[in-house]
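Student: I have a protein model open and would like to read it step by step. Can we go through it with short questions?

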Amino acid sequence: MNTHNAASGVSAVARLMADPDDQRICLSRVRPLDGWPVLADPVLPIRTIAVVDTETEGLDPRLHKVIEIAVAFAEIDAHGRIVRVAGKGEALNDPGRPLTPQIRDLTGLTDAMLAGQRINVDHVAKRLNAVDVIVAHNCAHDRPFVEALLPDLQDKPWVCSMANADWSAWGFDGKKQDHLLMQAGLFNPIKHRALADVASLVSLLNLETPTGNSVLSECIAHAKKPTWLFRAEGLPYDYRQGIKDRGWRWNSSDRVWWTEVPHSDRAAEEQWYDQAFRPFRAKPVIDRVTWTTRYKR
């Protein structure tokens, strides 16, 4: 299912399920980054992306630290196809305190494995500053942690293969990376280690969609569109169900309701908010979001 030919217009899931009489489906292991083939017919221009994954000791970048980071550097052509994987790297980091049992079980990392380990933050920041785009499967998690780890990292365009991909329209069910892999006929026996997750994501990004484009190409096109971020602070509790039904989300850390809408939907969202919460006079804070500022904490 990992293909460099995005011309057939048939999704990975559709090809996998093409024979209705199949009773057995074989999964292929994700392609190793070291063995990634060179694309024979790239279309200029060529850009460089960094595919990033982190393992962390918790979920709050203000309280918790990165314990592992991995990056694959890939060149992509004008159609978002991977031309070649130019390099990769991984590093461990000692958070200075014991891991919780949950994190040890999830990642397989131990205090002994992390003891004395340090990430060369200057080197990693320099490499990431040289790329055109950074890609992760959950940018809302990874970007704040990466920027907390790398204070010298420049503002780069970030593309999220979970939020910026229309997986359901392409015949997939769900957005978890392992689940997507299996539906594409792939598997990775290594779970929740940063470099293994990066390799899995590279394979997913290079899949073709029913439009004939790569997943990466579709994600980039979606991420480049500016949006509007609405934040409502101090909203009375009685309005909780109404704003939840509208699809807004609650950020427990900042204690704010928020939603992000396309540029064309800003006026409609403002009008809805004003009518739904008319007795509540405070207006939502509205900020323009681009793929350079999105997911920044």
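Student: Which residues does threonine 54 touch, not counting residues up to four places away in sequence?
Tutor: This is a predicted model. Threonine 54 sits in strand 2, residues 47-56. Beyond four places in sequence, its contacts are Val66, Glu68, Ile69, His141, Asp142 and Val146.

Student: With which side chain does the side chain of threonine 54 make a polar contact?
Tutor: Asp142 is among the residues that threonine 54 touches. The two side chains make a polar contact at 2.5 Å. The partner is aspartate 142.

Student: Is threonine 54 buried or exposed?
Tutor: Buried means under 20% relative accessible area. Threonine 54 has 5% relative accessibility, so the residue counts as buried.

Student: How many residues of strand 2 are buried?
Tutor: Strand 2 is largely enclosed by the rest of the structure. That follows because the buried residues number eight of the 10.

Student: In what sense does strand 2 pair with strand 3, and in what sense with strand 5?
Tutor: Strands of a sheet pair through backbone hydrogen bonds, either parallel or antiparallel. Strand 2 shares 10 bridges with strand 3 (residues 66-76), and there arginine 47 has isoleucine 76 as its bridge partner. Strand 2 shares three bridges with strand 5 (residues 133-136), where alanine 50 faces isoleucine 134. With strand 3 the sense is antiparallel; with strand 5 it is parallel.

Student: What is the strand order in the open sheet of five strands?
Tutor: Its pairing is mixed. One of the pairs is strand 3 with strand 4, antiparallel over nine bridges. The order is 4-3-2-5-6.

Student: Which strands are the edge strands?
Tutor: An edge strand pairs on one side only. In this sheet, the edge strands are strand 4 (82-92) and strand 6 (158-160).

Student: What angle does helix 4 make with strand 3?
Tutor: Helix 4, residues 121-129, packs on the sheet. The helix touches strand 2 and strand 3. Its direction and that of strand 3 make an angle of about 30 degrees.

Student: Which strands does strand 8 pair with?
Tutor: Strand 8 spans residues 227-233, and five of its seven residues are buried. Seven antiparallel bridges lead to one partner, residues 256-262. Five antiparallel bridges lead to another, residues 285-289. The partners are strand 10 and strand 11.

Student: How far apart in sequence are the parts that arginine 231 and aspartate 287 tie together?
Tutor: Side chains of opposite charge can pair when their charged atoms come close. The side chains of arginine 231 and aspartate 287 form a salt bridge at 2.7 Å, N to O. Arginine 231 belongs to strand 8 and aspartate 287 to strand 11, so the tied parts are 56 residues apart.

Student: Which residues form one network of salt bridges?
Tutor: Start with aspartate 155 and lysine 296, whose side chains meet at 3.1 Å, N to O. This pair ties together parts that are 141 residues apart in sequence, because aspartate 155 lies in the loop between helix 5 and strand 6 and lysine 296 in the segment after strand 11. Through shared partners, the network joins Arg143, Glu147, Asp155 and Lys296.

Student: Where does pLDDT stay under 50?
Tutor: The mean pLDDT of the protein is 93. A value of 70 or more is reached by 92% of its residues. The stretch under 50 is residues 1-9.

Key:
Residues are numbered from 1 along each chain as its sequence is written. This is a predicted model: local features need pLDDT of at least 70, side-chain atom pairs count only at pLDDT 80 or more; totals for chains, interfaces and linings use all residues. Side-chain values use heavy atoms; hydrogens and water are left out. Helices (H or I, at least four residues) and strands (E, at least two) are DSSP runs, numbered from the N terminus. Buried means under 20% relative accessible area, exposed over 50%, partly exposed in between (1.4 Å probe, protein chains only). A polar contact is a pair of N or O atoms within 3.5 Å; within protein, one must be able to donate a hydrogen and the other to accept it, and residues adjacent in sequence count only if both atoms are side-chain atoms. Contact means heavy atoms within 4.5 Å. Two strands pair if DSSP finds at least two bridges between them. pLDDT is the predictor's confidence in each residue, from 0 to 100. Axes are lines fitted to C-alpha atoms, for helices over the stretch in contact, and angles run from 0 to 180 degrees between N-to-C directions. A salt bridge is a side-chain nitrogen of Lys or Arg within 4 Å of a carboxyl oxygen of Asp or Glu.
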